[in-house]
Amino acid sequence: MQKDKFFKVIGNKTHTNEKLVKTHCSYCGMQCGMNLRVDTSSNKIIGVEPRYDWPVTLGKMCPKGVTAYQQTNHGDRLLRPLIRDDASLKGTKAGFREASWEEAYALIVKRFQELQGDFGKDSLSVFSGVSMTNEKCYLTGKFARVALQTRYIDYNGRFCMSSAAAGFLRSFGVDRGSTLPWTDLHETDCLFIAGSNTAECHPTSMFRIWEVQNRGGYLIVADPRETPIARRADIHLDLRPGTDLALANCMIHLLIQNNHIDAEFIVNHTNGFEEMKEVVKEFTPEYTSEITGVAPEKLIRAAEIYGKAPNAIVMFARGIEQQIKGSDNVSAYTNMCLVTGKIGRPKSGVATFTGQGNGQGGREHGQKADALPGYRKITNPKHVEEVCKVWGIKPEEMPQPGVSAYEMFELMQDKTIRGLYLLCSNPAVSAPNQNYVRAALKNLDFMVCADIYLSESAEFADVVLPSVTWSEDEGTVTNLEGRIIKINKAQEPVGESKPDWLIEVELAERLGRGQYFGHLKTARDVADEFRLASKGGYADYFGATWEKIDKQDGVFWPCKSEDDPGTPHMFLDHKFYHADGKAKLCALPYRPPAEEPCEQYPLRLTTGRVVYHYLSGNQTRRIPFLRDMCPEPYVEVHPETAERYNIIHDEVIRLYTRRGEALYKVKIIEAIRKDTVFVPYHFGHEQSINLLTIAALDPMSRMPEFKVCAAQIVKQPERMTIR
Ligand SMILES: Nc1nc2c(c(=O)[nH]1)N[C@H]1C(S)=C(S)[C@@H](COP(=O)(O)OP(=O)(O)OC[C@H]3O[C@@H](n4cnc5c(=O)[nH]c(N)nc54)[C@H](O)[C@@H]3O)O[C@H]1N2
Ligand SMILES: Nc1nc2c(c(=O)[nH]1)N[C@H]1C(S)=C(S)[C@@H](COP(=O)(O)OP(=O)(O)OC[C@H]3O[C@@H](n4cnc5c(=O)[nH]c(N)nc54)[C@H](O)[C@@H]3O)O[C@H]1N2
Ligand code: SF4
Ligand SMILES: [Mo]
């Protein structure tokens, strides 16, 4: 692996009576390199050290990463299965008793078989997540289709990466979140970053981003809030939430007008230029400014900088993707690199900041309602046949495509779905329109939840199964670059907890499907079957053996054979994955968000993250340092807006939308637009902002519009200042 300018050899300290286990962080897509410190007398994890020799992050970690090790032996870990004795207490922590694995398995098998006997195979569902290794994600797809024989499986990446996936598939015919390795970032001349709070959500990217400016290059940021990265940007495009499509179309309009396009690249390697040109015609800076609220001069300057930069990278994250037009936003921003030909070479291209640790690999290998391993389609007979050969089932036994994550809750409400196997996700915090989702979970006849802690979602379960943390098992993860890396085991599982793949194998055997699962005895067995199942798909991992990953500091997919080193840069030959080898320039007219502000709900509510917490917060709210740094949610309000409502800093107000309401402390901050308020979403129960969010879905990706809806603030009768 090529070492870049930041690379320094700093030896890791080995203390006596300790060993270091080389691995990566459990949380975000950066997958920072770390060594877990293990006490050799107790064989327990006692700490962490950064890995200076990991080429992507070079010894950097964020506050979540340095405390991640505290999860493994945390006092809240689930140590034994739990069975609910008192159904009237569903939706609370109470009413569970401890049980043996055999008793828990027996109850699950009995109830699952009863439901399928009475209501058909498709009465069961699986909802999963991508904080799991590729091997576990792969096996979860097989578990749903082969062990449970149901069509209903989907996963939390639907709330996360589905718009990026759909947008890239349409533009390129392939969805690898980054067309280039992160070690290129600091060498480019211009970064155009939209809807990413990078400094809080992918903090260990920042040293490369600042370096672009240090070298005299440019940073352009499009975000309604003045985030830490926006504050130091050369241009901050402070747009209204939900208006990215207009902004991106304006960039293309100006690139064409100023002749900053690459006509040869457009003709030889793309389709659709004329239709796209027609659509962007009306997006003059003045018209775009009316929609987005961004000053025309800033739009003009941003397009000029991007257009003139010899190399440039367009980057984005959930800010543009979690909208009803998220997939369109992705394709529209991707149009920028296609019209300028700034793609398919080092230091130029496009990347989404993949969110979860395995947000990339987890979306490729069959956890999606319509997907099979290797990014195959369940609706394609040839793909089905290829996977059936590996699984040993007949093509006619392969279930039909299911529905997306949020739509599964709708089917729970109408009793089409009656049973749920939930693992590695906490939708009772993270799904939109919580009042509806919680009622759907309550409406289930039988629910199983596998987690490492008793989550808010586990409170709705009939059986809770104790899984292991990332540090108690091994396997591969694909980071935000598309690099397949290895997670190593540092400690034996606590209590009676078991890895998810083993639980699925044991359950499959007890469901009478052992012939398809019984040969999987170790994580390595699952890995070998998984690589084979991906072989020949376009996300081909066949050549990415654990040995090669170790030797090369990771392997970029596609990697088709043992002697293929993998593919760090995509499209170097300017061949895209559509049948004719060309990329698609998409013509994407602007449409407003699902819910526009009105007299009754005059504010725009947007939601997102803070550096100290991770997703639903079920893991990070238990870590003392992180909890101390951010103990509760709050609502960010601009000083002028606060004055209008006659509210002050730290005062508790009621925030409400058409779906629900919650009480939040006010944080007065100039870094937000006057027409917008922001709430972090890492908190559960009555503090969850998802009580208020809207479940409007992108028609293409089925991604909910977490990033914008209409809201109102009400001052409370008594000024409830706290402290
Ligand atoms: N600390 C921390 N880091 C994380 C995570 C975490 O929970 N905590 N989660 C990981 C995961 S799974 C994910 S998906 C990523 C998410 O990473 P990001 O997408 O960077 O994080 P968000 O806070 O969801 O939103 C990003 C930004 O979008 C802006 N935004 C809101 N509406 C709009 C809009 O309409 N247009 C534009 N252009 N911007 C808008 C918000 O102001 C916010 O600053 O982070 C990963 N890293
Ligand atoms: N309002 C709003 N809502 C959002 C978003 C937003 O920006 N705004 N962002 C969305 C995004 S991008 C995402 S990714 C989702 C995430 O939403 P969730 O899927 O709910 O996220 P997590 O908190 O990671 O949930 C993972 C759960 O699995 C457990 N767990 C961890 N590792 C394992 C394991 O190996 N096995 C098992 N069985 N369990 C494990 C954890 O303890 C945790 O309870 O939230 C979405 N919701
Ligand atoms: S940046 Fe992401 S991967 Fe790195 S330490 Fe922080 S949470 Fe972990
Ligand atoms: Mo995410």
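The following paragraphs describe the surroundings of three ligands in a predicted model, together with two local features of its backbone.

Ligand 1 is surrounded by 35 residues, of which Asp223, Gly242, Asp244, Arg609 and His613 are the closest. By residue class this shell comprises 13 nonpolar, 14 polar and eight charged residues. Polar contacts to nitrogen atoms of the ligand come from both side-chain and backbone atoms of the protein: a polar side-chain atom of Lys64 is placed 2.9 Å from a nitrogen atom of ligand 1, a polar backbone atom of His613 is found at 2.6 Å from a nitrogen atom of this ligand, and a backbone N or O atom of Gly319 lies 3.4 Å from a nitrogen atom of ligand 1. Taken alone, ligand 1 exposes 910 Å², and the protein buries 100% of that area. Among the secondary-structure elements, helix H5 (198-201), helix H13 (318-321) and strand E23 (603-608) are those that give two or more residues to the shell around ligand 1, and the most is given by H13, with three residues. With regard to domains, ligand 1 lies between domain 3 (162-352) and domain 4 (603-721), because both of these domains give residues to the shell around it.

The shell around ligand 2 consists of 28 residues, and the closest of these are Asn156, Ser425, Ser430, Asp451 and Ser616. Its composition is 10 nonpolar, 14 polar and four charged residues. Of the residues named as closest, Ser430 has a polar side-chain atom that lies 2.6 Å from an oxygen atom of ligand 2. Nitrogen atoms of the ligand also take part in such pairs, since a polar backbone atom of Ala450 is 2.9 Å from a nitrogen atom of ligand 2, and an N or O atom in the side chain of Ser467 is 3.1 Å from a nitrogen atom of ligand 2. On its own, ligand 2 has 930 Å² of accessible area, 99% of which is covered by the protein. At least three residues of the shell around ligand 2 are drawn from domain 2 (82-160 + 358-556), and at least three from domain 4 (603-721).

Ligand 3 takes up the space of the second largest cavity. The residues that surround ligand 3 are Cys25, Tyr27, Cys28, Met30, Gln31, Cys32, Met61, Cys62, Lys64, Gly65, Pro203 and Thr204, a shell that divides into eight nonpolar, three polar and one charged. Lys64, listed in this shell, is also the residue whose polar side-chain atom lies 2.9 Å from a nitrogen atom of ligand 1.

Two features of the backbone were noted in addition to the ligand sites. Most residues other than glycine have a negative phi, and most peptide bonds are trans. Against this background, the peptide bond from Trp557 to Pro558 is cis, with an omega near -5°, and Pro558 is placed in the loop between strand E21 (555-556) and strand E22 (583-584). Asn43, a residue other than glycine, has a positive phi, near 55°, and is located in the loop between strand E2 (33-39) and strand E3 (44-50).

Definitions and conventions. Residues numbered from 1 in each chain as written. Chains lettered and ligands numbered in written order. Predicted model: local features only at pLDDT ≥ 70, side-chain atom pairs only at ≥ 80, totals over all residues. Heavy atoms only, no water. Near = heavy atom within 4 Å. 1 Å grid on protein atoms, 1.4 Å probe; cavity = no way out; pocket = protein on both sides within 12 Å on 5 of 7 lines; lining within 4 Å. Sits in = over half its atoms within 2 Å of the grid points. Nonpolar A, V, L, I, M, F, W, Y, C, P; charged D, E, K, R; others polar. Polar contact = N/O pair within 3.5 Å; in protein donor to acceptor, adjacent residues only side chain to side chain. Areas by Shrake-Rupley, 256 points an atom, 1.4 Å probe, with all protein chains shown as cover. Helix = DSSP H or I, 4+ residues; strand = E, 2+ residues; numbered from the N terminus. Domains from an automatic or database assignment.
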